[in-house]
Amino acid sequence: MQNNCMIIGISYYHPNHQVDNDYFIEHFKELGTDITGLLKVTGRNHRYISDSLDETMLTMGYNAAKNVLEKTHIKASQLNMIVFSSGTPEYIAPSNALKIHSLIGAGSKCMVYDLNANCAGMLAAFEQISRTMRDNPNIKYALLVGSDQLNRYSRYSEAISYSNFGDSACAVMLENVFHTDRGFIDSDIYTNSSNHDKILLPAKGMTSVVHEKNLNIEDKLVKWTAFNLDGAFYSAKISIEELLFKHNLLKADIKKYFLSQFARKNIEYVCEQLNEDIDKFTFVGDEFGYTGTTSPFLAYARALENHDLSIGDYVVFWTVGAGTTCVCILYQY
């Protein structure tokens, strides 16, 4: 047995304002577009969207962080690391992690940094924190916070982004536990950068936003060019099977899969490729919409709320970020 990184608590936050499909159907109908088929593919019913400019991804992240500290009874002064993941950061300098450090009153022996791998960010950060904890026994507690407001940066005319995205934050408390085989086991990565120009925020880059005085508002928002994501989701099957083979596990040993909530159709595709039971895949995208970096952890939180996991169960996390880059993690609850 060795020391290992374990999730000891998770909390999430979303705005109170809930928007259902009818709003977006009517919005795009006025633009001459029928999005009912798209909403069926993505599996959307509702999503939470902030209706106040005073609520930012940072304030959402703070609420989630405060909640997980209360839930786990860990004091902010006990934290040795704070990592903030977002594809829509409120600040470039200082780091949003530093802002959280100040807001919760954390101590001085605490590493803080931001990580932006877009929608793959929280899983990428989880992988990095876990491996760091294994190598550094002085890191006892780490706080991982993810938060995105993707809807706020969507063009009103682009259905796949504007009708799909919801706002949320999620905070995960991680503990470096000694003499255990539970927790983080291993990871697998897949990156294919051929789609690096398909999802751009801001559309014309930060230099234009800052220096081009007459820049159109749309060019400050997300530019989403349709592209085929089948290769990314097929890579989920390959990564999962490679991790299981490497650790002498079978698909029957996996209790739950927590995948990107980008679209229900994509989860069904991965399930079919694995020849798995769809009931093992938690889907919350009908309630939250697509929330970016928090997406797989919201599914994990819902499984815990439903008491779907027992001590010792093996689970798989997988998600995809713009560009395209994918992260797969094998974990023992």
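**Exercise 1.** Which strands does helix 5 lie across, and at about what angle does helix 5 run to strand 6?

*Solution.* Note at the outset that this is a predicted model. Start with the strands. Helix 5 lies across strand 1, strand 4, strand 5, strand 6 and strand 7. Now take the direction. Helix 5 runs at about 170° to strand 6.

**Exercise 2.** Work out the order of the strands in the open sheet of 5 strands, and find which strands stand at the edges.

*Solution.* Begin with the order, which is 1-7-6-4-5. The pairing is mixed. Next, count partners at the ends. Strand 1 and strand 5 (111-115) each have a single partner strand, so each has one side without a neighbour in the sheet. These two strands are the edges. Finally, check the twist. On average, neighbouring strands are turned by 20° against each other, direction ignored.

**Exercise 3.** Describe how strand 1 and strand 7 pair, and name the bridge partner of Ile 7.

*Solution.* Look at the sense of the pairing. It is antiparallel, and strand 1 and strand 7 share 10 bridges. Then locate Ile 7. Its bridge partner in strand 7 is Leu 174. One more element belongs here. Helix 11 packs on the sheet and touches strand 1 and strand 7. The direction of helix 11 makes about 90° with that of strand 1.

**Exercise 4.** Which residues have the most contacts inside the largest nonpolar core, and which element gives the largest share of this core?

*Solution.* The core has 40 residues. Leu 174, Phe 297 and Phe 317 have the most contacts inside it. Now assign elements. Those that give two or more residues include strand 1 (2-13), strand 7 (167-180), helix 11 (295-305) and strand 12 (314-321). Helix 5 provides the largest share, 7 residues. A second, separate core has 32 residues, among them Phe 283, Val 316, Cys 328 and Leu 330. Then follow Leu 174 outward. Beyond its neighbours within four places in sequence, its contacts include Cys 5, Met 6 and Ile 7. Phe 126, Ile 129 and Met 133 are also among them, as are Tyr 141, Ala 142 and Leu 144.

**Exercise 5.** Is Lys 99 buried, partly exposed or exposed?

*Solution.* Place the residue: Lys 99 is in helix 4 (residues 96-104). Apply the cut-offs: buried is under 20% and exposed is over 50%. At 30% relative accessibility, Lys 99 is therefore partly exposed. Leaving aside neighbours within four places in sequence, Lys 99 is in contact with Leu 58, Tyr 91 and Pro 94. Last, take a distance. The C-alpha atoms of Lys 99 and Thr 180 are separated by 33 Å.

Terms used: Residues numbered from 1 in each chain as written. Predicted model: local features only at pLDDT ≥ 70, side-chain atom pairs only at ≥ 80, totals over all residues. Heavy atoms only, no water. Core = buried A, V, L, I, M, F, W, Y, C linked by side-chain atoms within 4.5 Å. Buried < 20%, exposed > 50% of the residue type's maximum accessible area, 1.4 Å probe, protein only. Helix = DSSP H or I, 4+ residues; strand = E, 2+ residues; numbered from the N terminus. Contact = heavy atoms within 4.5 Å. Pairing = 2+ DSSP bridges. Axes fitted to C-alpha atoms, helices over the stretch in contact; angles between N-to-C directions.
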